[in-house]
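Here's a quick tour of a pocket and a greasy patch. Have a look at the model first, then read on.

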Amino acid sequence: MKDLTVGNEAKLIFKFALPMVLGNLLQQLYHVVDSVIVGNYLGKEALAAIGASSPIFYALIAFVIGIGSGATIIISQYFGAKNLEKVKRAIDTTYIFLFIASIIITSIGIFFSEEIFRLLHVEEDVIPLATDYFNVFMMGMIAFFGFSGTSSILRGLGDSMTPLYFMVIATIVNIVLDIVFIVVFGWGISGVAYATLIAQAGAFISGAIYLNKRHQIISFNVLKFRFDKELFMQSIRIGLPTGFQQTFVALGIMALIRIVNNFDTDVLAAFSVASRIDALAAMPALNLASALSAFVGQNLGAGKVDRIKKGLRATLFMAWGISLFVMLTVIFFGEFMMQAFTQDEAVIMHGANYLVIVSSFYMIFSTMFVMHGVLRGAGDTLIPMFITLFSLWVIRIPFALVLSKHFGVNGIWWAIPIGWSMGLAGSLIYYFTGRWKYKGVVKH
């Protein structure tokens, strides 16, 4: 565990963010490897199936992840205030909630999967592949929530290194099983889902065993878990806006998929591949924002607001430098990256256009997320929710619909940075009001 309330702000945030960046890059890497193997061995229809499945999966888990983020903020603030009893009770409550939620979401996802794909107007030749992949993937919900919940809790306690170790294990296992299940056994697209399911389960189980033996606060003795209603309601208060935000973001991605499906399978396959590359490129900025949230949570809990402002400046400079490098890399090598997934010329063309347009605005994206990191770390999640929903549903989706009619597929791609720009404007205006300083659960 790491106390983020003392020491050089820039060094603390960088050292805290680095394992998170590496861990999440690894996580995205095995999604990328999935797509590379699928594109080269199973074809563009299978690529489109994975692309159609991802936003539905995200929509189902988004609300729970949002509520869980409220618990992480509470844990970081109580840890900053050195109230370890509250920290332990918050961790127990989080695990109980995640377990119950995983059972419910698994049942809903498997039961309604085919109907959801049809609602999105996914092409008929893609729906059977998408359903096979998605249903297997959903069976791993308990392991997924267990591992991601544990990682979030550890980060709230200032420990970003331990999740990295288990992510390395999961990535290696997933890549090996991808090759075995698809290339050797010929299991098709369901083999990709089985590989991910086994990798996540292995990471969660090994992580639970390790933490039971080594960690001071976290243990997985189910018989000793205690549900704290008061702390859960605090988590709801802080996490509910983020849960709604994440859910409507996921629904927005599904709406975007619906617009993409007005075109052909080539465009959906291109969107599937390019969004994988885009997610990989955006990961450093997202993790810097997450590191800043933990930093803000602990320092607000300790009553050190001046350190928060210094941490924000340091994080912005780091995010800008990384975003500039990533932007230039994607612009110049985007087409080559697409060729690693598929040799279909139409898919490569659409995907390369997406990458050039979207990556040109990575600095705006990273600034927006860093500002949101401050607000979430302070427990002020309601206004960021409204800002995100406005930029997505009032700006991005309508612009994608209108621009696609006038400029074709590229109009959809242009709507993405237009939405980011409006989101950044709203975030900056709210940050400078200073209201976020008074939203913490620990009062001074």
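Helices here are DSSP runs of H or I with at least four residues, numbered from the N terminus. This is a predicted model, where local features need pLDDT of at least 70, side-chain atom pairs count only at pLDDT 80 or more, and totals for chains, interfaces and linings use all residues. Residues are numbered from 1 along each chain as its sequence is written, and side-chain values use heavy atoms, with hydrogens and water left out.

Let's start outside. Both α6 (162–184) and α7 (189–214) supply at least two residues of the nonpolar patch. That patch covers about 1,100 Å², with Ile110, Trp187 and Tyr194 among its members. (Patch residues have over 30% relative accessible area and no salt bridge, and nonpolar side chains are joined within 5 Å.) Ile169, also in the patch, sits in helix α6 and counts as partly exposed because its relative accessibility is 40%, the class between 20% and 50% with a 1.4 Å probe and protein chains only.

Now the largest pocket, at about 290 Å³. Tyr95, Phe99, Phe204, Val222 and Phe225 are the closest to its centre, out of 13 lining residues. (On a 1 Å grid, a pocket is an open set of points where a 1.4 Å probe fits, with protein on both sides within 12 Å along at least five of seven lines; lining residues have an atom within 4 Å of a point.) Its lining has eleven nonpolar residues, two polar and no charged.

Top helix contributors:

| Feature | Size | Top helix | Residues from that helix |
|---|---|---|---|
| Largest pocket | about 290 Å³ | α3 | six residues |
| Nonpolar patch | about 1,100 Å² | α6 | five residues |

Methods. Points joined across faces, edges and corners; volume = space filled by probe spheres on them. Nonpolar A, V, L, I, M, F, W, Y, C, P; charged D, E, K, R; others polar. Patch = residues over 30% accessible without salt bridge, like charges linked within 9 Å, V, L, I, M, F, W, Y side chains within 5 Å. Areas by Shrake-Rupley, 256 points an atom, 1.4 Å probe, with all protein chains shown as cover. Salt bridge = Lys/Arg side-chain N within 4 Å of Asp/Glu carboxyl O.
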